[in-house]
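Biologist: Thanks for sitting down with me over this one. Could you walk me through the charged pairs and the helix packing?

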Amino acid sequence: DNIIARHEALNGDNVKVDELKDDLDEIKDLLLEKGGAGPGNGWVTENVFLTPAERIVLQSLCKGLMNKEIASETYFSIRRVEQHLTSMYRKTKCSNRTELVRWAVSSGYVKI
């Protein structure tokens with residue numbers, strides 16, 4: 001119903017910009033509250049436990065490092081870094097590095 005009212009308002013001469021801005025602010029707040037940058041339908045997967053080693057790899061990943069660089073920085077083997085990433089993809093239901101970084105930021109595991 002609200003969408004129809006907005007559509008009618010936008011197609012008419014009397015566009016209420018302040019109301020639209022308020023609606024956008026409300027949507028932004030909801031997305032931030034629910035972790036809108038997460039995977040799937042936009043919400044963060046809850047109750048995800050990451051091991052200390054996975055958290056270290058995640059921090060490095062969020063710095064933009066590649067697997068070889070993460071291995072060098074953390075003293076893990078490249079294969080171990082790959083295993084931690086695979087484990088985190090499974091736990092968070094992310095399918096790639098970008099989604100995992102977005103998940104980490106939106107869930108609060110990493111501060112930017």
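**Salt bridges and a helix crossing**

Modeller: Happily! Glu73 is partly exposed, its relative accessible area being 39%. Please keep in mind that this is a predicted model.

Biologist: Which residue forms a salt bridge with Glu73?

Modeller: Glu73 belongs to helix α4, and its partner sits in the loop between α3 and α4, so the pair ties together parts that are 10 residues apart in sequence. The closest N and O atoms of the two are 3.5 Å apart. The partner is exposed, with a relative accessible area of 56%. That residue is Lys63.

Biologist: How many salt bridges does a search of the whole structure find?

Modeller: Besides the pair of Lys63 and Glu73, there is a bridge between Glu54 and Lys91. Glu82 and Arg79 also meet in a salt bridge. The search of the whole structure finds three.

Biologist: Let's take Glu54 and Lys91. How far apart in sequence are the parts that this pair ties together?

Modeller: The closest N and O atoms of Glu54 and Lys91 are 2.8 Å apart. Glu54 lies in helix α3 (residues 52-62) and Lys91 in helix α5 (residues 78-92), so the parts they tie together are separated in sequence by 37 residues.

Biologist: Is Glu54 buried or exposed?

Modeller: Its partner Lys91 is partly exposed, at a relative accessible area of 23%. For Glu54 the relative accessibility is 3%, and the cut-off for this class is under 20%. Glu54 therefore counts as buried.

Biologist: And in which helix do Glu82 and Arg79 both lie?

Modeller: Their side chains meet at 3.5 Å, N to O. Arg79 counts as exposed at 52% relative accessibility, while Glu82 is partly exposed at 31%. The two are three residues apart, about one turn of the helix, and that helix is α5.

Biologist: Now the packing. Are α3 and α5 roughly parallel or roughly perpendicular to each other?

Modeller: Their axes come within 10 Å and cross at roughly 95 degrees. Angles of 65 to 115 degrees share one class, and α3 and α5 are therefore roughly perpendicular.

Biologist: Which residues of α3 make that contact with α5?

Modeller: On the α5 side, the contact is made by Val81, His84, Leu85, Ser87, Met88 and Lys91. The residues of the contact divide into seven nonpolar, two polar and two charged. Glu54, which forms the salt bridge with Lys91, is one of those on the α3 side. The α3 residues are Ala53, Glu54, Val57, Leu58 and Leu61.

Methods:
Residues numbered from 1 in each chain as written. Predicted model: local features only at pLDDT ≥ 70, side-chain atom pairs only at ≥ 80, totals over all residues. Heavy atoms only, no water. Salt bridge = Lys/Arg side-chain N within 4 Å of Asp/Glu carboxyl O. Helix = DSSP H or I, 4+ residues; strand = E, 2+ residues; numbered from the N terminus. Buried < 20%, exposed > 50% of the residue type's maximum accessible area, 1.4 Å probe, protein only. Axes fitted to C-alpha atoms, helices over the stretch in contact; angles between N-to-C directions. Parallel < 35°, antiparallel > 145°, perpendicular 65-115°, else oblique. Contact = heavy atoms within 4.5 Å. Nonpolar A, V, L, I, M, F, W, Y, C, P; charged D, E, K, R; others polar.
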